Amino acid sequence: MTERKTTRYTLSRRHMTAALGAAAGLGVIGMPWVARAQAETIRIGFPTPLTGPFGAEAKDQVKSAELAVKQFNDAGELNGRKAELFVRDDKLNAGEAATRTLELIEKDKVHAVVGALSAAIQLAVNEVTRARGVLYISISQSDSINEVKDSSRFTFHEALNPHMTTAAVVKQTFKKGMKIAYLVADYAYGHEMLRGCKRAQTAIGAESVVEILHPFGAPDYSTFFPRINAAKPDILCICNFGRDQANSIKQAVEFGMKQQMKFVVPVLLHNQRLAVGPDAFEGVIGGANYYWGLEDTIPSAKAFNDAFRAANNGAAPTDYGAYGYTAVRSLLQAMTIAGGTETDKVITALENLKYDIAKGPQSYRKCDHQSIQSVLVLESKKKSDMKNDVDFFRVVASDVGSEALLRTCSELGFPA
Amino acid sequence: MDAQLVAMQLLSGVSLGAVLIMTALGFTIIFGMLRVVNFAHGALFMIGAYAGLFIAERTGSFWWALLLAPIGVGVLGLVIERLLIRPLYGRSPDDPILLTFGLGYVLVEGVRMLFGSDGVPFSTPPALVGVVNLGIGFFPLYRLFVIGVVVFILVLLWLALEKTKFGLVVRAGARDPQIMQVLGVDIRRLWLIIFGIGIGLTALGGLLAAPMRSVSPEMGTIVLAEAFVVTVVGGMGSLIGAVAAGLLVGIVVSMTSLFAPEMATIAMFALMALVLLIRPQGLFGRAGQGA
């Protein structure tokens with residue numbers, strides 16, 4: 001009796017826990033009709049750098065991804081299952097991105113992850129998702145994610161990669177015998193863009209005369225210019241992103257360099273052109289995955305633009321925004337085909353998916369899960385040539401999507 | 001050719017130094033006089049750029065913006081001192097740090113709500129567009145103008161501090177506020193004015209930077225770090241120190257850009273670390289100050 005008394009508290013607590021566990025178990029096993037009636041939401045994790053120098057692009061990604069989710073839910077869901085986007089700020093920090101992704105998987109129990117907006121940070125997200133066996137669609141540029149060491153069954157890459165982007169841009173701008181100066185952001189994105197440009201440049205027969213790596217997020221570029229000017233290049237190729245692109249172009253123009261050389265950027269950003277204005281960007285040539293002006297020739301682009309404008313007070317969708325849309329919609333399409341969120345089935349559905357969501361036909365290549373798609377080359381318009389507020393660019397070229405634009409599977413290290 | 005390149009690099013460094021002095025001036029004055037480390041410095045720098053943009057759009061003139069934006073933001077500074085900073089005098093030095101840190105967030109979010117997070121174009125005033133041939137190479141007219149403005153402001157500040165009665169009171173107040181109060185000087189009013197002037201100068205820095213850097217809610221983030229480096233290297237609260245440090249940091253960054261461009265930002269912080277090791281009070285700081 002006495003013994004029982006002394007241990008009563010622990011016993012009762014243990015009983016409580018056991019009872020709770022049993023009740024929870026019964027809830028699932030004993031009442032399956034409840035679970036079916038309130039069909040489980042399709043949860044998509046979306047880490048993106050809402051704060052920091054890529055904030056403008058990140059916010060557009062979110063807006064576009066939300067549009068894709070809304071359209072899916074409006075169109076009648078999947079067997080009564082609604083989709084929901086779990087947006088998280090990764091603060092453009094690899095550690096933060098990994099932590100948020102882990103939380104999304106462990107706490108929010110997401111069925112898939114879409115997102116990240118940096119070559120380096122998507123690799124951090126990918127590390128987490130592939131270790132946990134969670135499907136991940138990356139929506140920012142990277143070559144390394146295609147390569148066998150970073151690739152996985154669970155990893156898909158919806159964005160263009162530096163290899164295909166630089167090849168398209170260089171083809172339109174570099175000529176045999178030209179002297180090229182490079183101003184490159186000193187991190188994965190810049191390095192990969194530089195590598196891509198130099199590979200394409202060698203094939204054409206141009207030569208690089210100076211390569212300057214600048215610290216990421218540098219506010220002032222004036223101290224890099226004397227060396228570039230001294231090298232007297234024909235082309236200044238600026239391989240950086242976000243505000244870095246805005247600041248470096250603005251300042252190079254301020255130093256009168258545009259009169260001396262042509263400005264080329266691997267990726268020409270809608271938001272940075274918007275933020276800096278037409279004069280500084282006039283004549284700058286660069287690549288893009290998407291431009292709203294495609295609506296004249298591509299019906300799916302028109303549909304995307306119209307839906308986006310209706311949801312965002314008439315604002316036009318942007319390049320990086322479109323990634324959020326095409327990735328989330330293709331994922332939801334694949335889930336619809338797979339009839340649910342079971343990862344293996346969704347992977348098979350994505351691998352076989354032929355989709356045209358915003359920019360013409362796209363599909364994921366089997367070996368590296370890279371999205372085969374068109375690459376645009378754009379030139380920034382003069383202010384007087386603009387027909388409306390967002391008539392920023394002229395489409396110089398649009399390379400039709402084909403596997404020929406990509407490195408071969410064997411070059412990436414995949415077994416033949 | 002090589003000598004020309006080095007000369008050009010040196011000039012870039014001096015011009016960058018002028019920009020750095022301008023970005024640090026408000027920060028260093030407020031710290032020197034009030035012992036308040038203003039973590040909202042970067043945000044107020046950004047507010048200066050946006051205020052300038054707002055005025056320039058309405059008046060159609062950069063020059064009105066140059067005159068009115070610093071005054072307007074300076075008045076905002078007065079309000080901040082009176083309502084937020086003043087109740088914290090005499091409390092732990094951490095309190096104003098935490099307060100201004102939070103204030104910075106509020107200001108950045110406020111601008112995001114009013115003007116959006118995309119960033120806005122800010123063109124160089126038409127009269128200052130273009131480059132000037134200096135014999136060693138071409139240099140933007142606008143940057144030469146900025147150097148001119150910085151020299152003008154510094155001369156003005158020096159005259160005010162060294163040649164006026166107000167300046168005498170300020171210098172004495174910075175050295176020993178208690179004695180000043182005993183002597184019957186209203187030190188609180190003095191601090192209020194100094195804070196307002198400091199914030200006004202910070203706003204001027206933001207406005208001057210606007211045609212060179214993209215104007216966005218986050219443009220002040222790096223500025224706070226730059227102001228810190230300049231202030232620490234120069235000696236906390238020393239005006240002459242801020243000038244010397246701004247130029248030194250500008251030249252060090254520029255010369256690093258020539259030889260190891262990817263180290264340009266690190267060089268700034270390495271210089272700060274070096275100064276802290278060899279001369280903890282900064283180049284022109286008095287020992288025992290700035291703790």
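Let's start with helix 15 of chain A in this predicted model: A:D344 and A:N352 sit exposed on one side of the helix, opposite its buried residues. Those buried residues are A:V346, A:I347 and A:L350. They span an arc of only 105° around the axis, so they end up on the same side of helix 15 of chain A. What lies over them? The cover of the buried residues includes strand 4 (135–138), strand 5 (155–157), helix 14 (319–338) and strand 12 (362–364) of chain A.

Over in chain B, there's a helix pair to look at. The axes of helix 2 (residues 41–59) and helix 9 (residues 221–234) of chain B come within 7 Å, crossing at roughly 120°. An angle from 65 to 115 degrees would count as roughly perpendicular, so helix 2 and helix 9 of chain B are oblique to each other. The crossing is right-handed. Here's who meets whom:

| Helix of chain B | Residues in the contact |
|---|---|
| Helix 2 | B:H41, B:G42, B:F45 |
| Helix 9 | B:T221, B:V223, B:L224, B:A227 |

By type, the residues of this contact between helix 2 and helix 9 of chain B split into four nonpolar, three polar and no charged.

Now for where the chains meet. The contact uses 35 residues of chain A and 34 residues of chain B. On the chain B side, the elements giving two or more residues are helix 1 (2–34), strand 2 (138–140), helix 10 (239–259) and helix 11 (264–278). Helix 1 of chain B supplies the largest share of that side, eight residues. Sorted by type, the chain B side that touches chain A has 16 nonpolar, 14 polar and four charged residues.

Key:
Residues numbered from 1 in each chain as written. Chains lettered and ligands numbered in written order. Predicted model: local features only at pLDDT ≥ 70, side-chain atom pairs only at ≥ 80, totals over all residues. Contact = placed C-beta atoms within 7 Å. Helix = DSSP H or I, 4+ residues; strand = E, 2+ residues; numbered from the N terminus. Nonpolar A, V, L, I, M, F, W, Y, C, P; charged D, E, K, R; others polar. Axes fitted to C-alpha atoms, helices over the stretch in contact; angles between N-to-C directions. Parallel < 35°, antiparallel > 145°, perpendicular 65-115°, else oblique. Left-handed = near helix turned anticlockwise from the far one by under 90°. Buried ≥ 20, exposed ≤ 12 C-beta atoms within 10 Å, placed from the backbone. Arc of directions from axis to C-beta.
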